[in-house]
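Colleague: I should like to go through this model with you, beginning with the overall fold and moving on to individual contacts. Please give the reasoning behind each answer.

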Amino acid sequence: MMASGTALLFTGTALVFSLLPGPAVLQVGAQAIRGGSTAAFAAILGILTGNMIYFAVTVLGFGALIVTSATAFTILRIAGAAYLIGLGAYTIWRAGNADSATASGRRPFRQGLLIQLSNPKAILFLGAFLPQFLDPRKALLPQYAEMLLIIMPVEGIILGGYGFLAAHGARLMGGADAARWRERVSGAVFIAIGALFATAHRA
C-alpha cells in the first residue's frame, strides 16, 4: 500500500485537480442546468465510470502508450472535440422546443461517460501523473486500487457540489423561455468543452 505521506500528498493533489474548473465540472454544470440535480448526478456517475475505465487502461499499460503516442493522443483529442461540438450544436438547435429541455436519466450518464473517455486531459492525468506516486518496490495493483479509492469519492463530492450549485441556480429561472435559454447555455458549454479538447496538447 501507499505510504501515509504519499497517500496524503496524492489526496491533496486530487483535491486540487478536482476543484479546478475543467471539462468534467463544465459537463456536470451543463447537465444540472438542463435537467437539475438528477441529471447532474447521472453525469457524475458517467464521469466516475470513465475514470474507472481509464484506471484499468493505465494498469494494463495502455495509458502510457496513449500519452507517449502523438497519433493516439491526436485521434482521442479530435474525436472528443468533434463529439462535443456536435452535441452542443444539436442542443442549441433543439432549444426551440422547451419540452425537450429536460434530459433523460440515461442520456446524461452516457454523455458524461463519453466526455470523460474522450477527455485528453484525463488520460494525461491518469497515464502520466499517477505513476509518479507509485513505489516500484511494492506491488503496483494495490497502490493503483488505493488511488482509485481516494480519487473517486474526492472527485464525486466536488462534482456533486458544482452540480448542486448549478441546479439551484437553474431552479431560480422558471418558465418555458428560461428552459430554452438553459438549453442554449448548456449547448454553448458543450461547445466550449469541445474547444478545450481541440486545443489540448501533451505536456
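**Fold and contacts**

Modeller: Along the sequence, the protein chain runs in the pattern α-α-α-α-α-α-α-α. Please bear in mind that this is a predicted model.

Colleague: How many helices and how many strands does the secondary structure of the protein chain come to?

Modeller: The pattern read along the sequence is α-α-α-α-α-α-α-α. The secondary structure accordingly comes to 8 helices and 0 strands.

Colleague: Among contacts between residues at least 6 apart in sequence, what percentage join residues at least 24 apart?

Modeller: One example of a pair distant in sequence is A14 and V154, which are 140 residues apart along the chain; A14 is in contact with V154. For the protein chain, the share of such contacts that join residues at least 24 apart is 86%.

Colleague: How are helix 2 and helix 7 oriented, roughly parallel or roughly antiparallel?

Modeller: Helix 2 spans residues 23-60, and its axis lies 9 Å from that of helix 7. The two pack at an angle of about 170°. Angles over 145 degrees count as roughly antiparallel, so helix 2 is, relative to helix 7, roughly antiparallel.

Colleague: How do the residues of that contact of helix 2 with helix 7 divide into nonpolar, polar and charged?

Modeller: The contact belongs to the pair of helices whose axes are 9 Å apart. Its residues divide into 23 nonpolar, 8 polar and 2 charged.

Colleague: Is A14 buried or exposed?

Modeller: A14 lies in helix 1. Its relative accessible area is 1%. Buried means under 20%, so A14 is buried.

Colleague: Which residues is A14 in contact with, leaving aside its neighbours within four places in sequence?

Modeller: The C-alpha atoms of A14 and V154 are separated by 7.2 Å. With the neighbours within four places in sequence left aside, the residues in contact with A14 are I151 and V154.

Colleague: What kind of aromatic pair do F10 and F133 form?

Modeller: The structure holds 1 aromatic pair. The rings of F10 and F133 are 5.2 Å apart, centre to centre, with 75° between the planes. Planes over 60 degrees apart count as edge-to-face, so the pair formed by F10 and F133 is edge-to-face.

Colleague: How many residues apart in sequence are the parts that this pair ties together?

Modeller: F10 and F133 are both buried. F10 belongs to helix 1 (residues 4-19), whereas F133 sits in the loop between helix 6 (120-129) and helix 7 (140-171). The pair therefore ties together parts whose separation in sequence is 123 residues.

Methods. Residues numbered from 1 in each chain as written. Predicted model: local features only at pLDDT ≥ 70, side-chain atom pairs only at ≥ 80, totals over all residues. Heavy atoms only, no water. Phe/Tyr/Trp six-rings, centres within 6.5 Å; stacked < 30°, edge-to-face > 60°. Helix = DSSP H or I, 4+ residues; strand = E, 2+ residues; numbered from the N terminus. Buried < 20%, exposed > 50% of the residue type's maximum accessible area, 1.4 Å probe, protein only. Contact = heavy atoms within 4.5 Å. Axes fitted to C-alpha atoms, helices over the stretch in contact; angles between N-to-C directions. Parallel < 35°, antiparallel > 145°, perpendicular 65-115°, else oblique. Nonpolar A, V, L, I, M, F, W, Y, C, P; charged D, E, K, R; others polar.
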